[in-house]
Amino acid sequence: MIIRTAFPYATTHEDVRIPMPDGVELYARIWRPVTDEPVPALLEYLPYRLTDWTAPRDAQRHPWYAGHGYASVRVDVRGHGNSGGRPGDEYDARELADGVAVVEWLAGQPWCTGAVGMFGISWGGFNSLQIAALAPPALKAVVTVCSSDDRYDNDVHSMGGSVLAVDTHAWAATLLAFTSRPPDPRYAGDGWRAMWLERLEGMEPLIHTWLSHQTRDDYWRHGSVCEDYGAIRAAVLAVGGWHDPYRDTVLRLVSALPAGRVRGLIGPWAHQYPDRELPPGPAIGFLQETLRWWDHWLRGDDNGVMDEPLLRAWISESHRPATVYERMEGRWVGERAWPSPSVVPVSYGLQGAPVLVASPQHTGLDAGRFCPFGNEADLPPDQREEDAKSACFEFPVPAGEPVEILGRPAVTLRLRLDVPYGQVVARLCDVAPDGASTLVTRGALNLSARRGRDRALPWPVGAYEDVTFELTGIGHAFPPGHRIRLALSSAYWPWIWPRAGSEAGWTLDPTGSTLELPVRSGSAAPSGIVFEAPEQAEPLGVVFPETLDEPRPERLVVRDVARGTWRLEVDPRYGGTRAYPDGLEYAEDATEVYEIRDGDALSARTRSEWRIRLHRPEDAWDARVETRSEITCDEGGFLTSNEVVCREGEEVLFHRTWERRLPRAAG
C-alpha cells in the first residue's frame with residue numbers, strides 16, 4: 001500500500017447539515033480542494049455513521065479524492081448517525097428521495113461545477129444505482145461496488161426463491177443493533193438524547209417486513225434497477241469480486257446498459273473495496289482507476305477510460321481449498337462485448353441410474369460465510385464432507401489446455417418429488433488428483449419457484465419435471481488432470497431455511513440432466529491489462545487496544561451426538577473495540593448461532609446477540625445497546641423474537657420486545 005501525503009491540491013474539510021425538503025437535516029462531512037475554481041462533487045451516502053463506524057475507511061478515500069480536485073462528500077442516511085429524522089427500511093422511497101435532494105444540493109453549491117458523481121460499496125453501491133435510476137440531471141456518473149440490481153434474487157434475503165437463513169437473520173439482527181445506536185453529542189449537540197428516543201420509539205425490526213414478502217412482489221421490485229435498466233442515464237462503473245455474493249450484478253449491467261456508458265470490473269476480492277489489501281488479493285490501485293472514471297465523465301477528459309474492455313475479469317488458477325487466501329493466483333482478461341463471443345456454452349450430460357437424494361439437514365455447514373469480508377474463516381473449506389452428503393457427477397479435464405470458464409454455469413435436472421416442496425443446491429467443485437475438493441461456485445432453486453420467483457407452485461407429487469437454474473458467476477481455470485465435480489444436495493443449512501417435508505429429498509434422473517459451463521477460448525492470449533499499485537490517503541489513527549482474552553473461534557461447529565443436533569457458532573468480526581482520535585471509545589461484540597437436528601426441518605433455529613458501547617470519558621458520556629434476535633419455524637410460519645435494551649450509563653432509557661408469527665407463503 002502506498003500512503004499519499006502530497007497531492008495536487010491542499011485540502012480542507014468541514015461538517016455541515018444538508019436540509020431536506022421536509023425540514024429534516026442530514027449530517028455530512030465534506031472534503032474539498034483548496035481552490036477558487038468550482039469542482040465536481042462526489043457523494044457516498046450511507047447509514048453507517050460517518051463520525052465513527054466508517055470513519056477509518058472514509059479517511060482512506062475522501063481526502064484522496066479532494067487532493068485530486070474533487071469535493072468528496074460523505075452523508076449519513078436519515079435516522080442514522082447524527083442525521084435527523086427516523087430510520088426507515090433499506091432503500092425506501094424516503095431514503096432515495098433524500099439522496100436526490102442531496103445530489104441537487106451539492107450541484108447548487110458555489111464551489112461545485114454542477115456535475116455530481118456517486119460511489120459506494122454494498123448499501124452505498126445499492127443506492128447509487130437506485131438514485132441513478134431516478135435520473136437527477138446533475139448525477140453524471142456512478143461507481144457501484146459489491147451491489148445488486150435485483151433486491152429479491154441477488155441480495156441477503158433469498159436465494160433461488162428460498163429464504164436465506166444465514167443473512168436474512170444475521171443482517172436483520174445487525175441492522176436492529178445498528179439502528180439502535182445513539183447520535184453522538186459531540187456532533188449532534190444537546191438534543192442527542194431526544195433524537196435517540198425518537199428513533200427508538202419509531203423502530204420496527206426489519207425481519208417482520210422481509211419475511212412478509214417471500215416471493216418476488218412489488219416490495220422487492222422497488223429499488224431493483226433490473227426492472228428498468230433504461231431509467232439509468234448516468235455512466236456506470238460496476239465493480240465486484242468473485243468471493244462477493246453480488247458479482248452477477250456486474251455481468252447483468254454490462255449486458256443491459258449501453259456500451260458507451262458502462263464498464264465492468266470483477267476481481268478475486270471479497271465484500272471490500274479492491275484497494276484495501278484484504279484477502280483474497282491481489283489488490284489494485286482502485287482509487288486511481290475511479291479517478292480516471294470521474295475525470296472522463298465529470299470533467300470531460302478524453303483519457304481513454306472508455307477504450308478499456310467492456311468487462312475486465314480475473315480468471316483464478318486452480319487452488320487448494322482454504323478458508324482464506326492472502327493472494328489468489330490468476331490473470332486478468334478483457335471482453336469487448338458481453339455476452340462474449342469468446343465464451344461458448346459447453347454441455348456435460350449426467351450419467352447413471354435414477355438416484356434418491358435426501359441430504360442430511362446439516363449439509364451446508366461447510367458453505368463458508370455468505371458475505372465474506374476478508375476474515376480468516378470466511379471461505380469454504382475442503383468440500384469432501386459436503387460432497388459425501390450429495391449426489392456427485394464428475395467430468396475429467398483432459399490433457400492439454402485447461403478448461404477455463406467465465407460467466408454463469410447452469411444445470412438442467414430431471415427431478416421427481418414425493419412431497420409438494422423441496423429445494424436443490426448445485427455446487428461446482430475443482431477436484432485435485434489427491435481428492436481435495438475446492439468450491440468454485442454454487443446455485444440453488446426452491447422447487448416451488450421453478451416457474452418464476454413471483455409465485456409459489458407446489459410440486460405435483462410423484463411426477464417428474466425438468467428444472468433449469470444458473471449458478472453464480474465465476475472465472476476459473478480447471479487444469480488438466482483435475483476433475484470437474486457437480487454436487488447436488490437437497491439441503492443447505494444454514495444458508496437456506498428448510499421446509500417441513502423437504503427431508504424426503506427428491507429423485508434425480510440423470511437422463512436428460514446436464515451441466516452447462518461457460519467455456520472461454522483464447523486462454524493463452526495475453527490481455528495487456530495492468531493496474532497501478534493501491535494507494536490511499538493517510539490513515540485516521542484509530543487504535544485497536546490489545547486484550548488479554550483469548551479470541552473465540554470465528555466459526556465453530558458443535559455436534560451433539562446423542563441429540564443428533566448440529567450447531568454453528570459465528571463471530572462475525574465486523575470491527576471489535578477501537579479508540580478514535582477525537583476521544584471516542586467504541587466497542588462492539590456479536591455472536592450468531594445456527595442450530596438444526598437431522599431428520600427434522602422444523603428444528604432449524606437462529607439466534608443473534610449484539611452488545612455495543614459508545615463512551616467518551618472526557619465528556620462523561622456512556623451509551624450502551626444490547627439486542628437479541630431469534631427465528632424458529634413451524635409447518636405454517638416463521639416465529640421471530642427481538643429485544644432491544646438501551647442504556648445511558650446504568651439507566652435503562654429504552655426496552656422493548658417484539659414477538660411475531662409470519663405465515664410461510666413460500667420460503
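C146 lies in the loop between β7 (139-145) and β8 (158-159), and in this predicted model the backbone there takes a turn that invites attention, since C146 has a positive phi of about 50° although it is not a glycine. Most residues other than glycine have a negative phi, and most peptide bonds are trans. The side of the question that concerns solvent is settled by the relative accessibility of C146, which is 1% and therefore falls under the 20% limit below which a residue counts as buried.

A second residue of this kind is Y91, a non-glycine residue whose phi is positive, near 55°. Y91 is placed in the loop between β5 (71-76) and α2 (93-107), and, with a relative accessibility of 3%, Y91 counts as buried. The ring of Y91 also belongs to an aromatic cluster, whose members are Y48, W53, Y91, W123, F126, W171, F178, Y246, F373, Y574 and W610.

The backbone holds two further features to look for, both at prolines in loops. The peptide bond that leads from G281 into P282 is cis, with omega near 15°, and P282 itself is found in the loop between β11 (262-267) and α10 (286-299). Further along the chain, W338 and P339 are joined by a cis peptide bond with omega of about 5°, and P339 sits in the loop that connects β13 (330-335) with β14 (343-349).

Turning from the backbone to the rings, the structure holds 31 aromatic pairs. One of them is formed by Y27 and Y187, which meet edge-to-face, with 6.3 Å from centre to centre and 70° between the planes. Because Y27 belongs to strand β3 (residues 25-33) and Y187 to helix α5 (residues 185-188), this pair ties together parts of the chain that are 160 residues apart in sequence. Y27 counts as buried, at 4% relative accessibility.

Aromatic rings also meet charged groups in this model. The charged end of R299 sits over the ring of Y70, at 4.4 Å from the centre of that ring, while R61 lies over the face of Y273, 4.0 Å from the ring centre. R61 deserves a longer look: the residue is part of helix α1 (residues 55-67), and, although arginine carries a charge at its end, what is its state with respect to solvent, buried or exposed? R61 is buried, for its relative accessible area is 1%. When the neighbours within four places in sequence are left aside, R61 is in contact with F119, Y273, D275, R276, L287 and Q536. For a sense of distance across the model, the C-alpha atoms of R61 and D598, which are 537 residues apart along the chain, are separated by 48 Å.

L488 offers another view of the interior, from strand β23 (residues 483-489). L488 has a relative accessible area of 0% and so counts as buried. Apart from neighbours within four places in sequence, the residues in contact with L488 are L350, V357, S390, A391, F393, L413, V425, A426, W506 and L508. C429 and L488 are 59 residues apart in sequence, and their C-alpha atoms lie 11 Å apart in space.

Strand pairing can be followed at β32 (residues 637-648) and β33 (residues 651-663), which run antiparallel and are joined by 12 bridges. Within this pairing L639 stands opposite R661 in β33. The two strands form a hairpin with 2 residues between them, and G649 in the turn has a positive phi of about 65°.

These local views belong to a protein chain with 11 helices and 33 strands. Its C-alpha atoms fill a box of roughly 75 × 60 × 50 Å, taken along the principal axes. The radius of gyration is 25 Å, which agrees with the value near 26 Å that a compact globule of 667 residues would have. Buried residues make up 61% of the 667 residues in the protein chain. Among contacts between residues at least 6 apart in sequence, 74% join residues at least 24 apart. The accessible surface of the protein chain, finally, comes to about 23,800 Å², and 50% of that surface belongs to carbon and sulfur atoms.

Methods: Residues are numbered from 1 along each chain as its sequence is written. This is a predicted model: local features need pLDDT of at least 70, side-chain atom pairs count only at pLDDT 80 or more; totals for chains, interfaces and linings use all residues. Side-chain values use heavy atoms; hydrogens and water are left out. Helices (H or I, at least four residues) and strands (E, at least two) are DSSP runs, numbered from the N terminus. Buried means under 20% relative accessible area, exposed over 50%, partly exposed in between (1.4 Å probe, protein chains only). Rings of Phe, Tyr and Trp (its six-membered ring) pair if their centres lie within 6.5 Å; planes under 30 degrees apart count as stacked, over 60 as edge-to-face and the rest as tilted. A charge sits over a ring if NZ of Lys or CZ of Arg is within 6 Å of the ring centre and within 35 degrees of the ring normal. Two strands pair if DSSP finds at least two bridges between them. The radius of gyration is taken over C-alpha atoms; the globule rule is 2.2 Å times the number of residues to the power 0.38. Contact means heavy atoms within 4.5 Å. Accessible areas come from the Shrake-Rupley method with a 1.4 Å probe; for residues, only the protein chains shown count as cover.
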